[in-house]
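Visitor: Please take a close look at a single part of this structure. I would like one connected account.

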Amino acid sequence: MDQEALTGLLEKLSCLDGPLTGSETLRDVLGDLLRPSVSQVEADALGSLWGIRHCGRKNAPRLLLDAHMDEVGLLITGQTKEGLLRFSAVGIDPRILPAQEVTVLGKERVSGVIICPAFEQKNRQAFPVSELKIYTGLSKAELDRLVRPGDLVALKSYPQRAGSGLFAKALDDRAGIVVILAALALLGNTVLNVDLCVSFTVQEETGCRGIIPAAAQIQPEYAVVLDTAHGATADSPDYVQLFVGKGPVILMGPNMDRSMTQGLIDAAESLVIPWQPEVCEDRTGSNARSLQISGTGVRTGFLALPLKYMHTPSEFVSLSDLWNAARILAKFTADFSGGLEHGS
Amino acid sequence: MDHKLLKQLCSLNGVSGWEDDVRSFLEEKALPYADQIQVDALGNLLVLKKGLSKNKIQMLIAHMDESGFLIRTFEENGCLRIGIVGAMDPRTILGKRVHVGAKSIPGVVGLRAPHLTPKEQREKIPDIRDCYLDIGAQSREEAKAMVGYGEPVAFACDPEEMSGGIIKAKALDGRSGCAILLELLKLQVHYDTWFVFSVQGHCGGIGLQTAVQAVRPDQIILLDSAAADRDEDFLPGNGCAAVRMYGKIVSDSRLLADFEQKVEKLNCLASVKAPMGEASVPAPSLSLCIPMMNPSAPTGILAWRDLKAVGKLLQRYLQSA
């Protein structure tokens, strides 16, 4: 595994569709990727996957590495009499939707384009989602057969390298998944001091939900969440001070355990990898918020990839940030043995 | 109607003023059938097909250009500021992929995440002056080494066949007309006919305006695809329509009557918005449009059936005395 292989894997995973609840295809591919590193791959009722790599020591602490497999998407709400599909958007800024290509995950995959009403020069209002419809070209009869209200819809996009980064959809959080897989590859057969659990969970985008039953079954004592953080863009507010390409992000705040955070920092510093701090005063918008309060509490750290244009079909990350995050994660995991003092 | 040809045409980048690649492609395809072929001062491709009779000079015209952006300035952080060329709905550009500059460098029309956007602003479309392109450059110097001022930016959209006999592509509005003209070039026409593939349709019919001066036709037929202006039903699959007001160009009643008498009764549409229709044409004209969805957006939609239909209508007209 090297940066180039990591990039190829990221491109491949980005092209798979898994809005909100993941998908069978995505689960199959991720299961195959995870299987060599764990004793077995398990799946739960919601569709999350996980596995455990036992270290062989009795009563070894459990460390969970989590990334979510789901991406933002749309939900079909109905059909117009002309055979256009109505929908609602989950986690997506509706302003990117007009003229956007989509894939409706009905009985079969159906290609569609979001069409918008005619354009008046002076109108500066964005189209509300209610005025947008999906055009598929299918007849009403075929549509009735293939698509139903509640069907999920993924944005259609393709990976494109630009500069030292990648434009693609669903980098939130396929980038996190790839970092975990790369860290596992870097760890190789290293003997660990913990039982290492890896989870690829669903329904993060609907409110960090899939992690809840997964964590209840895995019951880790410690966890590191891999997700994405907002990188500054030309139009972002001044307070966004993270930059794509300037290194992985380590989050700090009450949602994160200070020892876990320090452990990630120590790993980065020992490898002389530049990293960026991010402070969050309340619960983070990630699986860390649900993990921290799972069971009697999980001590959670949060390692993030800076990412531009989140929740659009052209999210952007730096490939060196991903590779460096994988190195930090591998080092942290290799060195970690739990036993942290309370309140440290 | 050759599906592959239209898809090839719609894969080319040809923002108004930068139609070169499209023109070269069309020139190569038209050459075997041309009695006369020339490129004029503005870049219009003019192809003459001699007729059996010299009594009339006809002109058929479609535009080669597509709506897009031009690069205006470079920001410190490596992003580009842009301006819109042509009839692009600014509400359809956010988050879309683009090809930037003469070398088609990949880029994106950036939009900060919804999480960072206050609710009131999510209902407004940013002014184009507040929009920007991200080409992955980290600094002004890096960006300037990749692209230059004034270079064109076209949308990236793969032409694709969709269910129900539909094609989805960018630049469909003018290029569909160009594809039809190429087919018609193969015919033996009754009167001398100039097939004009014009530049800058999106900039107010610049190419049309000057081509008519060169050709001096007795009548003009304009070919385009559009969405209905008002509430009229004009959806892909509905077939082509004669449009009374194509932008500011009013179709001539006698020319329409002549067409209908020689071919068949046409559906009529009151008006369509058409930047090419800002030109002044000194000869009677008839505008024929096929229905299109998302005409001012990067992903346009047309029905093959409609293209075939308008091709057949024109074939009968061009071959009749």
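Guide: What follows covers chain B as a whole and then one residue of chain A. The model is a predicted one.

Chain B is built from 7 helices and 18 strands. Its radius of gyration is 20 Å, which agrees with the value near 20 Å that a compact globule of 321 residues would have. Along the principal axes, the C-alpha atoms of chain B fill a box of roughly 65 × 40 × 35 Å. Burial can be put beside these dimensions: 61% of the 321 residues of chain B count as buried. As for contacts in chain B with a separation of 6 or more, 78% of them are between residues 24 or more positions apart.

The surface and the charges come next. Chain B has an accessible surface of about 12,100 Å², and carbon and sulfur atoms account for 49% of that area. There are 37 positive and 39 negative charges in chain B, and the mean positions of the two sets are 2 Å apart.

In chain A, the residue to look at is A:T103. This residue lies in strand β6, which spans residues 101–105 of chain A. The relative accessibility of A:T103 is 6%, so A:T103 counts as buried, the cut-off for buried being under 20%. Leaving out residues up to four places away in sequence, A:T103 touches A:D17, A:R109 and A:V110. Its contacts also include A:L152, A:V153, A:A154 and A:K156.

Notes: Residues numbered from 1 in each chain as written. Chains lettered and ligands numbered in written order. Predicted model: local features only at pLDDT ≥ 70, side-chain atom pairs only at ≥ 80, totals over all residues. Heavy atoms only, no water. Helix = DSSP H or I, 4+ residues; strand = E, 2+ residues; numbered from the N terminus. Rg over C-alpha atoms; globule rule 2.2 N^0.38 Å. Buried < 20%, exposed > 50% of the residue type's maximum accessible area, 1.4 Å probe, protein only. Contact = heavy atoms within 4.5 Å. Areas by Shrake-Rupley, 256 points an atom, 1.4 Å probe, with all protein chains shown as cover. Lys, Arg positive; Asp, Glu negative; His and termini not counted. Charge placed at Lys NZ, Arg CZ, Asp CG, Glu CD.
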